[in-house]
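Below is a short note on the model under review, set out as numbered points. Please read it with the structure open.

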Amino acid sequence: MSEVRRVQLEPAWLLHHRPFRDTSRILELLTRAHGRLSVVAKGSRSQKSRLRGILRPFMPLSVSWVSRAELGTLTGAEVGGPPIALAGDALLSGYYVNELIINLLHRHDPQPEIFDAYGSAIRTLASAEVVASGLRHFEMELLRLLGYALNLDHDNETLTPLAPDARYEYRAELGPIPAGPRRGPMVFYGRELAAIERRDFGRPGILECANRLLKGVIAYHLDGKELKSRKVLRDIRRVARRD
């Protein structure tokens, strides 16, 4: 028989939830010391549940649970800090960040640095004037912490520093290689890749370059899976163009 594990008041964020049976939910949590995990919150959808106003995304939490197998059972939850208010693009970006964590982070793999980076990203989204800049910072940091750090300083074929005026094709599995006559969304000037490495997103055009680069690299690590939040954003922009 597997050992019962009891955890008390662990810092956590709610990434996703879905209905389970009549009044319960299954919660997808990101915790500081236990990584990403799933628990059943019994009765949490009931009108009388004291957890109804607590178990929601972008609310810092302290959670307790008991587990014997893959799926644990929530035994308590408290507010761990002031709620973070996201709206509009920031809210959609927050759900995108949640999807990245769910799809790129293995279960039960404690990574406190990713937990901290997530909290910093959500708080940045709540106050940032340019949401896209905060997202690019988070994407680059997440890739680094997962062991997928971008190579933005040398040619992967010759191992020489990138030439500012030369064009390179960035391949997610390799890094930059000379582009020659090739064109496409993953072709950049050396100076553009250098600016992305410095996270100099205030320079004209660099934020758009970083978006193209990170979209391609993340798609590679997701094995081509499309995130729901990206699809929603694309549909919103399509409607806006028609209007």
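Does His108 count as buried, partly exposed or exposed? At 39% relative accessibility, His108 counts as partly exposed. The model is a predicted one, and the points below should be read with that in mind.

1. Overall layout. The chain has 6 helices and 8 strands. In sequence order they follow the pattern β-β-β-β-β-α-α-α-β-β-β-α-α-α. Along the principal axes, the C-alpha atoms fill a box of roughly 65 × 50 × 30 Å. Of the 243 residues in the chain, 45% are buried. Among contacts with a separation of 6 or more, 56% are between residues 24 or more positions apart.

2. Main core. The largest nonpolar core holds 49 residues, and Ile101, Tyr118, Leu150, Ile196 and Leu213 have the most contacts inside it. Strand S1 (5–20), H1, H2, H3, S6, H4 and helix H5 (206–221) each give two or more residues to this core. The top contributor is H5, with 8 residues. Leaving aside residues up to four places away in sequence, Leu213 touches Leu150, Leu152, Tyr170, Met186, Phe188, Leu193 and Ile196.

3. Second core. A separate core of 17 residues is also present. Its members include Val7, Ala12, Leu37 and Trp65.

4. Salt bridges in general. Side chains of opposite charge can pair when their charged atoms come close. Over the whole structure, the search finds 12 salt bridges. Three of these pairs are taken up in the next points.

5. Arg32 and Asp116. These two residues form a salt bridge, with 2.6 Å between the closest N and O atoms. Arg32 sits in the loop between strand S2 (24–31) and strand S3 (35–41), while Asp116 is in helix H2 (residues 112–127); the pair links distant parts of the chain, 84 residues apart. Both ends have some solvent access: Arg32 is partly exposed at 31% relative accessibility, and Asp116 is partly exposed with a relative accessible area of 38%.

6. Glu70 and Arg107. Here the side chains meet in a salt bridge at 3.9 Å, N to O. The pair links distant parts of the chain, 37 residues apart: Glu70 is in the loop between strand S4 (61–67) and strand S5 (71–79), and Arg107 is in the loop between helix H1 (88–104) and H2. Glu70 is partly exposed, its relative accessible area being 47%. Arg107 is also partly exposed, with a value of 34%. The two belong to a network of salt bridges that links Glu28, Arg36, Glu70 and Arg107.

7. Arg191 and Asp165. The closest N and O atoms of this salt bridge are 2.7 Å apart. Arg191 lies in helix H4 (residues 190–197) and Asp165 in the loop between helix H3 (131–145) and strand S6 (167–171), so the pair ties together parts that are 26 residues apart in sequence. Arg191 counts as partly exposed at 36% relative accessibility. Asp165 has 63% relative accessibility and therefore counts as exposed, the cut-off being over 50%.

8. Second largest pocket. About 420 Å³ of space lies in this pocket. It is lined by 18 residues, of which His16, Glu99, Ile102, Asn103 and Lys228 are the closest to its centre. S1, H1 and helix H6 (228–242) each supply at least two residues of the lining, and H1 has the largest share, with 5 residues. By class, the lining consists of 5 nonpolar, 5 polar and 8 charged residues.

9. Backbone at two positions. Which sites should be checked for positive phi in a residue other than glycine? One of them is Leu9, with phi near 50°. Leu9 is in strand S1, and is partly exposed with a relative accessible area of 46%. Another is His108, whose phi is about 55°. His108 is placed in the loop between H1 and H2, and, as stated at the start, is partly exposed.

Notes:
Residues numbered from 1 in each chain as written. Predicted model: local features only at pLDDT ≥ 70, side-chain atom pairs only at ≥ 80, totals over all residues. Heavy atoms only, no water. Salt bridge = Lys/Arg side-chain N within 4 Å of Asp/Glu carboxyl O. Helix = DSSP H or I, 4+ residues; strand = E, 2+ residues; numbered from the N terminus. Buried < 20%, exposed > 50% of the residue type's maximum accessible area, 1.4 Å probe, protein only. Core = buried A, V, L, I, M, F, W, Y, C linked by side-chain atoms within 4.5 Å. Contact = heavy atoms within 4.5 Å. 1 Å grid on protein atoms, 1.4 Å probe; cavity = no way out; pocket = protein on both sides within 12 Å on 5 of 7 lines; lining within 4 Å. Points joined across faces, edges and corners; volume = space filled by probe spheres on them. Nonpolar A, V, L, I, M, F, W, Y, C, P; charged D, E, K, R; others polar.
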